[in-house]
Amino acid sequence: MNSDSPSLPASTRSLWKARALVTVSLMTGVMGSSVPTPLYPLYQAQLHLPSFTTTAIFFAYVVGVLSALLIGGRLADRVADRRRLLLPALAMVATGAVLLALAHSLGMLLAGRLLAGLGTGTLTGAANAALLDLEPPQHKQRAALFGTAAFTLGSILGPILSGLALQAGLYPTVLPFLIIVSIALAVGYGLWRMPLRRTASPAQAPHSPHAVHASPRALPARRVTQLMLLCCITLSIVWGVGSSLMAMGPSLGEKLLGIHDYALSGYASSLLAACAGTAQFLSQRTSSTSAFRYGNMVFASGLVCAIASLLATQAWLMGVAVLITGLGFGAAFIGAAGIVNQIAPPQRRGLMVSLFYIAGYIGNAWPMLLGFITDHAGPMAAAMTLLLTAIAASASFVILSRRLLPIRS
């Protein structure tokens with residue numbers, strides 16, 4: 001900007017600075033959760049862990065997130081200054097990263113991941129509520145855009161950060177976490193200096209960055225229950241596939257495709273997140289029902305491609321499979337989220353959206369099952385169990401959606 005350009009009013013500058021700080025705080029939490037993706041095989045080798053125990057390190061994060069969502073969701077609406085939750089959440093993310101950087105035992109890894117999950121879960125509720133507070137009534141949808149961007153960027157940048165450290169040999173189990181700590185401290189200092197004024201009613205705050213405001217459909221209670229179950233199980237399956245890629249992708253890539261560079265397998269997680277984010281953005285212009293159906297079809301197609309990659313032992317084909325699966329992941333996700341928001345009665349929308357995302361996090365237990373199967377039946381059996389189950393489920397979701405949602409919504 002040149003010297004002749006008019007400067008923004010101080011209040012406007014402050015609002016954009018606050019939006020940036022809150023968005024980056026949420027992104028930092030998600031980065032902290034995704035940074036270990038290429039590192040799990042290193043932990044497994046260094047500590048001589050079976051596959052099931054290695055996936056338990058990943059699941060410790062899920063336990064932390066679920067605990068924070070169940071408890072912190074209520075607190076987010078009770079505090080006048082969102083910083084009272086944002087700052088402790090960033091402190092938990094930073095402390096978890098320190099524990100992971102110093103980890104030399106399974107206990108430290110579990111504790112670090114648990115703290116990272118608690119911090120990210122708290123940030124999810126508080127940051128999205130803060131973003132909504134910062135928007136005028138006519139621009140409330142922009143808060144969801146910032147929240148979605150934070151999640152997508154965090155999921156992309158985390159594995160890239162640790163992958164680059166791996167390939168460069170720059171203390172991969174230490175340096176990425178120290179960078180997370182540095183960002184968390186910097187953002188925390190900025191938030192500490194920036195009061196977050198509330199300009200919206202707490203009741204208006206969405207429970208998720210992907211919440212979509214829509215008028216409820218007049219449907220029978222039984223149909224609402226059926227659609228709710230359909231959307232929850234869908235999210236559980238697609239998140240289960242995504243979390244399995246994060247927790248076991250590098251290990252399975254080495255054993256089944258001969259990919260010995262763990263960073264490349266970590267980048268696959270970033271590719272999945274990037275494609276999912278792109279599909280979510282593009283799907284906002286289509287009906288929720290169409291996004292749900294086409295998303296599941298594309299998702300299943302990507303998994304079929306993954307099976308072909310494993311049977312032919314072609315690593316490049318797995319890259320294509322991840323790209324297609326990511327696009328289907330994002331579309332099915334945003335479609336299911338849109339359906340939940342449409343069918344939920346106004347007085348129960350917050351509860352139903354919370355249950356929807358809790359179902360997704362429960363799906364993150366998939367890697368533990370795969371770890372168990374890997375230890376007892378081998379990696380190919382584990383991969384095929386996941387892929388065939390998810391393909392069958394996606395096909396069933398499309399058929400059920402045609403019966404339960406015969407019209408475009």
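## Two helices side by side

Let's start with a pair of helices: α8 (residues 221–257) and α10 (residues 288–312) have axes that come within 13 Å and cross at roughly 20 degrees. Angles under 35 degrees count as roughly parallel, so α8 is roughly parallel to α10. The crossing of α8 past α10 is left-handed. Keep in mind that this is a predicted model.

Which residues of α8 meet α10? On the α8 side they are Leu230, Thr234, Ile237, Val238, Val241, Leu256 and Leu257. Their partners in α10 are Phe292, Asn296, Phe299, Leu303, Ser309 and Leu310.

## The whole protein

Now zoom out. How many helices and how many strands does the protein have? The secondary structure comes to 14 helices and zero strands, so if you follow the chain from the N terminus, you just read α again and again.

Of the 409 residues in the protein, 57% are buried. Now take the contacts with a separation of 6 or more: 84% of them link residues 24 or more positions apart.

## How sure is the predictor?

The average pLDDT of the protein is 82, and 86% of the residues score at least 70. Two stretches to treat with care are residues 1–10, where pLDDT stays under 50, and residues 199–217, where the pLDDT is below 50 as well.

What contacts does the model give these stretches? Residues 1–10 have three contacts beyond four places in sequence. For residues 199–217, the model has 47 contacts beyond near neighbours in sequence.

## A glutamine in α2

Here's one residue to look up in the structure: Gln44, which sits in helix α2 (residues 40–47). Is Gln44 buried or exposed? Its relative accessibility is 15%, and the cut-off for buried is under 20%, so Gln44 counts as buried.

Leaving out residues up to four places away in sequence, Gln44 touches Leu49, Pro50, Ser51, Thr54 and Ser251.

## Cysteines without a bond

A disulfide is a covalent bond between the sulfur atoms of two cysteines. How many disulfides are there here? The count comes to zero. Take Cys232: the closest cysteine sulfur belongs to Cys231 and is 7.1 Å away. A disulfide needs the two sulfur atoms within 2.5 Å, so the sulfur of Cys232 is too far from that of Cys231 for a bond.

Cys232 counts as buried because its relative accessibility is 12%. Cys275 counts as buried too, with a relative accessibility of 10%.

Key: Residues are numbered from 1 along each chain as its sequence is written. This is a predicted model: local features need pLDDT of at least 70, side-chain atom pairs count only at pLDDT 80 or more; totals for chains, interfaces and linings use all residues. Side-chain values use heavy atoms; hydrogens and water are left out. pLDDT is the predictor's confidence in each residue, from 0 to 100. Contact means heavy atoms within 4.5 Å. Helices (H or I, at least four residues) and strands (E, at least two) are DSSP runs, numbered from the N terminus. Buried means under 20% relative accessible area, exposed over 50%, partly exposed in between (1.4 Å probe, protein chains only). Axes are lines fitted to C-alpha atoms, for helices over the stretch in contact, and angles run from 0 to 180 degrees between N-to-C directions. Angles under 35 degrees count as roughly parallel, over 145 as roughly antiparallel, 65 to 115 as roughly perpendicular and the rest as oblique. A crossing is left-handed if the near helix is turned anticlockwise from the far one by less than a right angle, and right-handed if clockwise.
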